[in-house]
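Here are some notes to read alongside the structure. Keep the 3D view open and find each piece as it comes up.

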Amino acid sequence: MAGNWKMYKNASETTAFFEKFNPLVAGASHCEVVIAPTFVNIAAAVAATKGTNIGIGAQDVYWKNEGAFTGEVSAPMIAAVGAQWVIIGHSERRQFFGETDETVLQKTVAALEAGLKPIICVGEMLADREAGKTADVLTRQFQGGIAGLTPEQFARIVIAYEPVWAIGTGKTATPEIAADAHKCIRAQARAKFGAAAADAVRILYGGSVKPDNVKNLMAQPDIDGALVGGASLKPDSFASIVNF
Ligand code: PGA
């Protein structure tokens with residue numbers, strides 16, 4: 001269960017969140033719990049979760065380890081500050097910041113080399129869905145961004161299916177729509193990496209996940225977890241999602 005804080009919270013708000021949140025999920029042994037704050041608050045989040053079952057992640061990463069790349073942050077830098085996870089290819093990066101399937105692959109390889117666990121996002125836009133192109137888009141994103149990994153690399157990633165029309169809109173995919181897309185992604189994984197790898201890979205659903213809809217989503221056999229934006233900003237609401 002992963003929370004994506006996007007561009008919300010400063011360092012003191014980060015610390016205050018974990019003071020409330022940590023005890024609420026201390027008993028959660030059924031899943032891994034991850035929060036991805038902004039880069040500048042990773043250190044505060046790592047300090048505030050020391051000795052707990054909560055892992056911290058970044059929301060993006062650059063694929064070179066160092067160099068003249070003003071404004072970028074590398075995977076070894078993220079690992080050195082104590083984060084273990086990184087979200088890659090979020091639809092907001094794809095829509096607003098020029099992320100492509102090719103850069104998703106480069107970033108994933110760099111993250112894995114630094115020992116980080118990538119959460120790779122895929123998902124269709126509303127126009128794709130209305131045109132009946134959801135499977136085409138998921139296939140293209142899988143082939144361009146994930147199929148380039150080795151089997152060993154693939155075994156270390158998590159995939160997040162996030163239909164763009166459901167993100168921050170309050171419109172959740174129905175459990176059936178989500179399950180269909182997850183099935184499509186798992187079929188891609190099976191074709192490329194084999195049945196055992198496809199069964200083992202965790203596929204999260206993201207897009208307006210809330211305390212009151214998480215249970216029905218998680219009841220779908222192909223949905224292994226959630227990537228949560230808005231509802232991860234409040235300790236109570238994210239804790240009730242974690243403890244669904
Ligand atoms: P949301 O965001 O839960 O606010 O819809 C999900 C995401 O973008 O990861």
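1. A word on pairing before anything else: two strands pair if DSSP finds at least two bridges between them. Also keep in mind that this is a predicted model. With that in hand, look at β1 and β2, which run parallel and are joined by 3 bridges. Within that pair, G3 stands opposite I35 in β2.

2. Now for the overall picture. How many strands does the closed barrel have? There are 8, in the order β1-β2-β3-β4-β5-β6-β7-β8, and the pairing is parallel. Going from one strand to the next, the twist averages 25°.

3. Stay with β2 for a moment. In a regular strand, side chains alternate between the two faces of the sheet. For β2, V33 and I35 sit on one side, while V34 and A36 sit on the other. Are these four residues buried or exposed? They are all buried, and both faces of β2 are covered.

4. Next, follow the barrel to β3 and β4. Strand β3 covers residues 54-58 and strand β4 covers residues 85-88, and the two pair in the parallel sense over 2 bridges. If you want a spot to zoom in on, A58 stands opposite V86 in β4.

5. Strand β7, residues 202-206, is worth a look from both of its edges. It is mostly covered, with 4 of its 5 residues buried. Its pairing with strand β6 (residues 158-161) is parallel and has 4 bridges, and there V158 stands opposite R202 in β7. Strand β7 also runs parallel to β8, with 3 bridges joining them. Here G206 has L227 in β8 as its bridge partner.

6. Let's move to the helices, starting with α1. This helix lies across β2 and β3, and runs at about 130° to β3. T14 is one residue to click on in α1. Why does T14 count as buried? Its relative accessibility is 0%, and buried means under 20%. Leaving aside neighbours within four places in sequence, T14 is in contact with W5, K9, N41, A44 and A45.

7. You can try the same exercise in helix α5, where T108 lies. T108 has a relative accessible area of 0%, so this residue is buried too. Which residues does T108 touch, not counting those up to four places away in sequence? They are I88, P118, I120, L149 and I157.

8. Now see how α5 meets α7. The axes of α5 (residues 101-113) and α7 (residues 134-145) come within 8 Å and cross at roughly 45°. That angle makes α5 oblique to α7, and the crossing is right-handed. On the α5 side, the contact is made by D101, E102, V104 and L105; on the α7 side, by R140, Q141, G144 and G145. Sorted by class, this contact of α5 with α7 has 2 nonpolar, 3 polar and 3 charged residues.

9. Helix α7 also crosses α9, which covers residues 175-193. Their axes come within 10 Å and cross at roughly 40°, so α7 and α9 are oblique to each other. This crossing is right-handed. From α7, the residues in contact are A135, L138, T139, F142 and Q143; from α9, they are A181, C184, I185, Q188, A189, K192 and F193. What classes make up the contact of α7 with α9? It has 8 nonpolar, 3 polar and 1 charged residues. Try colouring by residue class and looking at both α7 contacts side by side.

10. Finally, have a look at helix α12, residues 235-242. Why can we call α12 largely enclosed by the rest of the structure? Because 6 of its 8 residues are buried. These are P235, S237, F238, A239, I241 and V242. What do they pack against? The list is β1 (2-4), α1 (11-25), β2 (33-36), α11 (214-218) and β8 (225-228). That brings us back to β1 and β2, the parallel pair joined by 3 bridges.

Note on methods. Residues numbered from 1 in each chain as written. Predicted model: local features only at pLDDT ≥ 70, side-chain atom pairs only at ≥ 80, totals over all residues. Heavy atoms only, no water. Axes fitted to C-alpha atoms, helices over the stretch in contact; angles between N-to-C directions. Parallel < 35°, antiparallel > 145°, perpendicular 65-115°, else oblique. Left-handed = near helix turned anticlockwise from the far one by under 90°. Contact = heavy atoms within 4.5 Å. Nonpolar A, V, L, I, M, F, W, Y, C, P; charged D, E, K, R; others polar. Buried < 20%, exposed > 50% of the residue type's maximum accessible area, 1.4 Å probe, protein only.
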